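Good morning, and thank you for coming. I should like to take you through one structure this morning, step by step. Please look at the display as I speak.

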2 protein chains.
Amino acid sequence: MTYCVAIKVDDGLVFAGDTRTSAGVDDVRTYNKLHVIELEDRVFVLLSAGNLATTQAVVANIRRDLDAPVATMSLRLARYMFDAAEYVGSISVRAQHQIASQAQFSNADLRTTFILGGQIRGEEPAIYLVYPEGNCISSSPETPFLQIGESKYGKPILDRVIRPEVQLEDAARCALVSLDSTMRSNISVGPPIDLAILPTDSLKITHKQRFDLDTPFYARLRESWGHQLVAAFRNLPKFDWEAPAEQGSLLKEPNQQAANG
Amino acid sequence: MTYCVAIKVDDGLVFAGDTRTSAGVDDVRTYNKLHVIELEDRVFVLLSAGNLATTQAVVANIRRDLDAPVATMSLRLARYMFDAAEYVGSISVRAQHQIASQAQFSNADLRTTFILGGQIRGEEPAIYLVYPEGNCISSSPETPFLQIGESKYGKPILDRVIRPEVQLEDAARCALVSLDSTMRSNISVGPPIDLAILPTDSLKITHKQRFDLDTPFYARLRESWGHQLVAAFRNLPKFDWEAPAEQGSLLKEPNQQAANG
């Protein structure tokens, strides 16, 4: 499995994904699922979850069309982000059909789901989820993130934190925490984690980094988050029946002693 | 759908579940999924996720066996918690087979998964997950909780917090947070939430409470948790590129002024 997330805040876009792929528990490998395509007036990031061969066919075809002198459509030629997302959808459907027609007697699942995000100069940044069927949806101000793969474990923290006005770096930290929570709860999602940040109107990826469990920043982030969650539990309100009297007396006693002393 | 969780810590057991059932989005109802059976030398709590008719048949049969003068097995007669869990499994399989034989042409999903927890005097408290197939697994010291239904959203917080040495009330708060996270992320899980607490060797449920969104304690818990998570994000380590110089100067300035003053 896989877990990838893309976040759209006012300041820009954040992309993050794990790198574990598995064709059964005895065939686990590390693959990059975060592909960056930077051109002069536009930049795209592609995240993928699903069949690895389909993914690689789609990425290869996208790159081939970029350089093809007679391509009628490519990420270079797309006028709007929506056109780019539909183009990725059509490439994906074609790749699946091509393999399916060669392998009609197999029941391998050829589907791949993509997230395409980025910005074309003069347009707003945008993120799109491209279904295996080739159609797509964008994020919304109410739900300014998109997830693919094992998305449930990491969704609550995104639901609680991510709003359009959240700062870009906070959104990036939230993506890392969301991935960390998923990796702890599901071994099909595994390190290292890839992260890419695209500030609005910069038209280039300002930060692209890979984090392994022992990468100092990521190790500190994990430790800090774990400690703070446990501390947060200590500060939650007590149940009515939880010895408020004793707690009160514990608090009062020093005061009384002080008053008596 | 449903989400229920049972936690076993050294001090006792915690049970929590939502109350939403749905047979399609246009048939959503509220049902109790947390059933308590207190007898003189033992106490059980049953949580359920799955087909509601199967659940009700199982609960009805469990109660009938309790009062039957000639029952060969019942929760009253079980010697060990494992026997009690296997008994619930056998009742569940029988209920599913009975309906399936009457409805062979339907493709309704009759399966229900249960959690049975409790304590029999002289035995350790225990929690068991009873599969629709009738077999069961218990919790372990490494994983001292069991979940049924929509379990993924609420698992990360349990993975991070629940250890055998956690206090009973902290485990209860964690169960509520786990349910709250799930309800925010998935509308098939909904309030009110039922909570039951069984301290080790008490042989009775000391607290059983229903929390709705406007129950004061639960409202405070939700608010406190939300605020603390956002605060925790503010305290996470900064990325290397995040203006450490400026921050440093901000910190240094007052000191320098003090030194100069």
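I shall begin with the overall form of one chain, then turn to the pair of copies, and end with two local features of the backbone.

Please keep in mind that this is a predicted model.

Let us start with chain A. Its secondary structure consists of six helices and 12 strands. How spread out is chain A? Its radius of gyration is 23 Å, whereas the globule rule gives 18 Å for 261 residues; the chain is therefore more spread out than a compact globule. Along the principal axes, its C-alpha atoms fill a box of roughly 90 × 45 × 35 Å.

Next, the interior and the surface. Of the 261 residues in chain A, 51% are buried. The exposed area of this chain is about 12,400 Å², and carbon and sulfur atoms supply 51% of that area. As for charge, chain A carries 26 positive and 32 negative charges, and the mean positions of these two sets are 3 Å apart.

We may also ask how the chain contacts itself. If we take contacts between residues at least 6 apart in sequence, 62% of them join residues at least 24 apart.

Now to the two copies. What operation superposes chain A on chain B? It is a rotation of 180 degrees, with 0.0 Å of shift along its axis, and the RMSD is 0.0 Å. The two copies are thus related as by a two-fold rotation axis. Which residue of chain A comes closest to that axis? It is Tyr153(A), whose C-alpha lies at 2.3 Å. The same surface serves both copies, since 100% of the contact residues of chain A recur in chain B.

I turn finally to the backbone. The peptide bond from Pro191(A) to Pro192(A) is cis, with omega near -5 degrees. Pro192(A) sits in the loop that runs between helix H4, residues 168–185, and strand S11, residues 193–199. In chain B, a cis peptide bond likewise joins Pro191(B) and Pro192(B), with omega about -5 degrees.

The second feature concerns a leucine. Leu203(A) has a phi near 55 degrees, a positive value in a residue other than glycine. This leucine is placed in the loop between S11 and strand S12, residues 207–211, of chain A. Is Leu203(A) buried or exposed? Its relative accessible area is 13%, and a residue under 20% counts as buried, so Leu203(A) is buried. In the other copy, Leu203(B) has a phi near 55 degrees, and it too counts as buried, at 13% relative accessibility.

Note on methods: Residues numbered from 1 in each chain as written. Chains lettered and ligands numbered in written order. Predicted model: local features only at pLDDT ≥ 70, side-chain atom pairs only at ≥ 80, totals over all residues. Heavy atoms only, no water. Helix = DSSP H or I, 4+ residues; strand = E, 2+ residues; numbered from the N terminus. Rg over C-alpha atoms; globule rule 2.2 N^0.38 Å. Buried < 20%, exposed > 50% of the residue type's maximum accessible area, 1.4 Å probe, protein only. Contact = heavy atoms within 4.5 Å. Areas by Shrake-Rupley, 256 points an atom, 1.4 Å probe, with all protein chains shown as cover. Lys, Arg positive; Asp, Glu negative; His and termini not counted. Charge placed at Lys NZ, Arg CZ, Asp CG, Glu CD. Least-squares fit on C-alpha atoms with pLDDT ≥ 70 in both.
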